[in-house]
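Biologist: Please take one part of this model and look at it closely. I would like a single connected account, starting from one residue and working outward.

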Amino acid sequence: MTGQVLTPPEPSVFGPVTRTDIVRYQGASGDMQPIHHDEEYARAAGFPTVFSVGMFQAGLLASWAADWLGPENVRRYRARFKEQVWPGDVLTCSGVVAREYEAHGEGRVDLDLVCTRQTGGVAVQAWATFVVPDVG
Amino acid sequence: MPNRGAVGKSGAELVMDVERGKIREFARATGSRNPAYLEDERPVVPPTFLTTQLIPQGGDADVMQLAAVDLQRGLHAEQEYIFHGPPPRAGARLTFSTTVTDMYEKQGRRGGAMTFVVMVTEFRDEAGRLVAEARNTVVETSPAAEAQP
């Protein structure tokens, strides 16, 4: 890597989030926790309605990063769940390069990632490490 | 209350076949149209795909029961995946088991204790090589914290 600075692509915008999006994710992941799709169950638990699965928005954010730097190049992805996401929310995924360096003879990049709601509130904060091929 | 005696204990060893169709389904469900997932003959898994380890466990991770985490009060706080090389590809057969590695308390902002439980899953390939790790942190709030108006 010769001081080359990676430029992140445009943020991705997803939504408004529908109950169908949530159910599709639950089916794909195997997490069938009813609080995310059963209206009566969610209300009985004290919530106004169903809410999204944290791993769904964490997955959207991971997709943004992996679509940019290549799915085969990810080496670490760590997500912290902050605000809940509700049906109707519009989510924006973006990130910046925190560090470019070499490790194990490969070029690597650390990213600071964020998935925000339309309110500006942070739904997921994440950190990722990717190998950057051919520049190591 | 989570069971502190569970720290160091592991759940059953399970097997996960990484399937191409499941990778496509998961990629679409997480907003990716990347041909590397959708068209490749042997795609790698998306970064958070290994969460599908829940499927052979029947939906509720048995190690959560081991740690006595109340799924009604338990919230997912953090999730991390580490790959020791490129992520596993379709066709791989992974063996995995989950260990409760840590349990600690913090004071909640509204009073009441929050108990954090950390569970680490190690995924090995057919040669026994450690190919990926998942670190799952859940938090259970005490009833006192929720009794606030």
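**A buried valine and its surroundings**

Modeller: B:Val138 has 23 other C-beta atoms within 10 Å, and a residue counts as buried at 20 or more, so B:Val138 is buried. The model is a predicted one. B:Val138 belongs to strand S5 of chain B, which covers residues 130-141. In sequence, B:Val138 and B:Arg73 are 65 residues apart, yet their C-alpha atoms are 9.9 Å apart in space. B:Val138 is also part of a nonpolar core of six residues, whose members include B:Ala6, B:Val117 and B:Val139.

The next step is the chain around this residue. Chain B has 149 residues, and 34% of them count as buried. Its secondary structure consists of four helices and five strands. Read from the N terminus, the order of these elements is β-α-α-α-β-β-β-β-α. Among the contacts in chain B with a separation of 6 or more, 70% are between residues 24 or more positions apart.

The six-residue core lies apart from another, which is the largest nonpolar core and has 51 residues. The residues with the most contacts inside the largest core are A:Leu60, A:Leu61, A:Ala65, A:Leu91, A:Val124, A:Ala126 and A:Ala128. Helix H3 of chain A gives the largest share of this core, 10 residues. Leaving out residues up to four places away in sequence, A:Ala128 touches A:Ala65, A:Val74, A:Arg76, A:Tyr77, A:Leu111 and A:Leu113.

One of those partners, A:Arg76, leads to the other chain: A:Arg76 stands opposite B:Ile82 in strand S2 of chain B. Strand S2 of chain A and strand S2 of chain B (residues 74-83) run antiparallel and are joined by five bridges.

This pairing can be set beside the contacts between the chains. In total, 28 residues of chain A are in contact with 29 residues of chain B. On the side of chain A that touches chain B, helix H1 (19-29), helix H3 (54-69) and strand S2 (74-81) each supply at least two residues. The largest share of that side, nine residues, comes from H3 of chain A. By type, the residues of that side are 15 nonpolar, five polar and eight charged. H3 of chain A therefore appears twice in this account, with the largest share of the 51-residue core and the largest share of the side of chain A that touches chain B.

Key: Residues numbered from 1 in each chain as written. Chains lettered and ligands numbered in written order. Predicted model: local features only at pLDDT ≥ 70, side-chain atom pairs only at ≥ 80, totals over all residues. Contact = placed C-beta atoms within 7 Å. Nonpolar A, V, L, I, M, F, W, Y, C, P; charged D, E, K, R; others polar. Pairing = 2+ DSSP bridges. Buried ≥ 20, exposed ≤ 12 C-beta atoms within 10 Å, placed from the backbone. Core = buried A, V, L, I, M, F, W, Y, C linked by C-beta atoms within 7 Å.
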